[in-house]
Amino acid sequence: MQRDVENFNSYNYGDATYWDARYIKEAGAFDWYQRYSSLRPFFLKFIPFSSRILMVGCGNAVLSEDMVKDGYEDIMNTDISSVAIEMMKKKYKDIPQLKCILIK
């Protein structure tokens with residue numbers, strides 16, 4: 001079945017094709033829930049810097065990047081979008097605290 005990736009108004013959030021098309025069309029970073037600055041007080045209170053953190057559905061958000069800048073040491077970014085993961089791998093290739101894997 002052929003999908004129309006140009007028109008992604010159906011919002012099929014569980015479909016990697018939807019996300020791939022969206023990240024190609026809207027390449028700028030986007031934090032879905034909140035920016036790190038809003039979440040920082042809670043993270044600092046409840047998550048030690050040495051914690052191993054799993055960022056599920058990272059997309060192309062800068063949340064994990066901001067966390068590393070603040071001192072977090074081990075963040076695994078995951079997503080179903082190969083486009084998002086390739087963007088993240090390229091962007092963070094020189095930041096060993098950030099790892100990125102595609103979830104299939």
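When I say "strand" today, I mean a DSSP run of E of at least two residues, with strands numbered from the N terminus. With that in hand, hello everyone. We are looking at a predicted model, and I'd like to start inside strand E2, because that definition is what puts Thr-78 in it.

Thr-78 is a nice place to get our bearings. Its relative accessibility is 6%, so it counts as buried. Setting aside residues up to four places away in sequence, Thr-78 touches Leu-54, Met-55, Val-56, Gly-57 and Cys-58. Ile-85, Ile-101 and Ile-103 are on its list of touching residues too.

Right beside it in the numbering is Asn-77, and strand E2 is its home as well. Is Asn-77 buried or exposed? Asn-77 is buried, with a relative accessible area of 0%. Leaving out neighbours within four places in sequence, its contacts include Met-55, Cys-58 and Ser-64. Ile-85 and Met-88 are also in contact with Asn-77, and so is the run of Leu-98, Lys-99, Cys-100 and Ile-101.

Let me step back for the overall picture. The protein has four helices and three strands, and along the sequence they follow the pattern α-α-β-α-β-α-β. The C-alpha atoms fill a box of roughly 45 × 25 × 20 Å along the principal axes. Of the 104 residues, 36% count as buried. If you take contacts between residues at least 6 apart in sequence, 48% of them join residues at least 24 apart.

A word on the surface, too. The accessible surface comes to about 7000 Å², and 56% of that belongs to carbon and sulfur atoms. As for charge, there are 14 positive and 14 negative side chains, and the centres of the two sets lie 3 Å apart.

Now to the cysteines, since I expect somebody will ask. How many disulfides does the model have? The count comes to zero. Why is there no bond between Cys-58 and Cys-100? The cut-off for a disulfide is a pair of cysteine sulfur atoms within 2.5 Å. The closest cysteine sulfur to that of Cys-58 is in Cys-100, and because it is 5.9 Å away, it is too far for a bond. Looking from the other side, the closest cysteine sulfur to that of Cys-100 is the one in Cys-58. Their C-alpha atoms are 8.9 Å apart in space, with the two positions 42 residues apart in sequence numbering.

Cys-58 is found in the loop between E1 and H3. At 4% relative accessibility it counts as buried, and Cys-100, at 10%, counts as buried too. Beyond residues up to four places away in sequence, Cys-58 touches Asn-77, Thr-78, Asp-79, Ile-85 and Met-88. So the two E2 residues we began with are both on that list, because each has atoms within 4.5 Å of Cys-58.

On to the helices. Helix H3 covers residues 63-70, and its buried residues are Leu-63, Ser-64, Glu-65, Met-67 and Val-68. What covers them includes helix H2 (36-46), strand E1 (52-56), E2, H4 and strand E3 (98-102). Just after H3, Gly-71 takes a positive phi of about 125°.

Helix H1, residues 16-25, has Tyr-18, Trp-19, Asp-20, Ala-21, Arg-22 and Tyr-23 as its buried residues, and the buried residues of H1 pack against H4. At the N-terminal end of H1 there is a cap: a side-chain oxygen of Asp-15 lies 2.9 Å from the backbone nitrogen of Thr-17.

My last stop is Ser-81, in the loop between strand E2 (74-79) and helix H4 (82-91). Where does its side chain reach? It reaches the backbone nitrogen of Ala-84, at 3.1 Å. Ser-81 counts as buried, with 0% relative accessibility. Apart from neighbours within four places in sequence, Ser-81 is in contact with Trp-19, Asp-20, Tyr-23 and Leu-102. Trp-19, Asp-20 and Tyr-23 are among the buried residues of H1. Ser-81 and Tyr-23 are 58 residues apart in sequence, while their C-alpha atoms are 8.4 Å apart in space.

If you'd like to follow along in the structure, start at Thr-78 in strand E2, step over to Cys-58 in the loop between E1 and H3, and finish at Ser-81 in the loop before H4. Thanks for listening!

Terms used:
Residues numbered from 1 in each chain as written. Predicted model: local features only at pLDDT ≥ 70, side-chain atom pairs only at ≥ 80, totals over all residues. Heavy atoms only, no water. Buried < 20%, exposed > 50% of the residue type's maximum accessible area, 1.4 Å probe, protein only. Areas by Shrake-Rupley, 256 points an atom, 1.4 Å probe, with all protein chains shown as cover. Lys, Arg positive; Asp, Glu negative; His and termini not counted. Charge placed at Lys NZ, Arg CZ, Asp CG, Glu CD. Polar contact = N/O pair within 3.5 Å; in protein donor to acceptor, adjacent residues only side chain to side chain.
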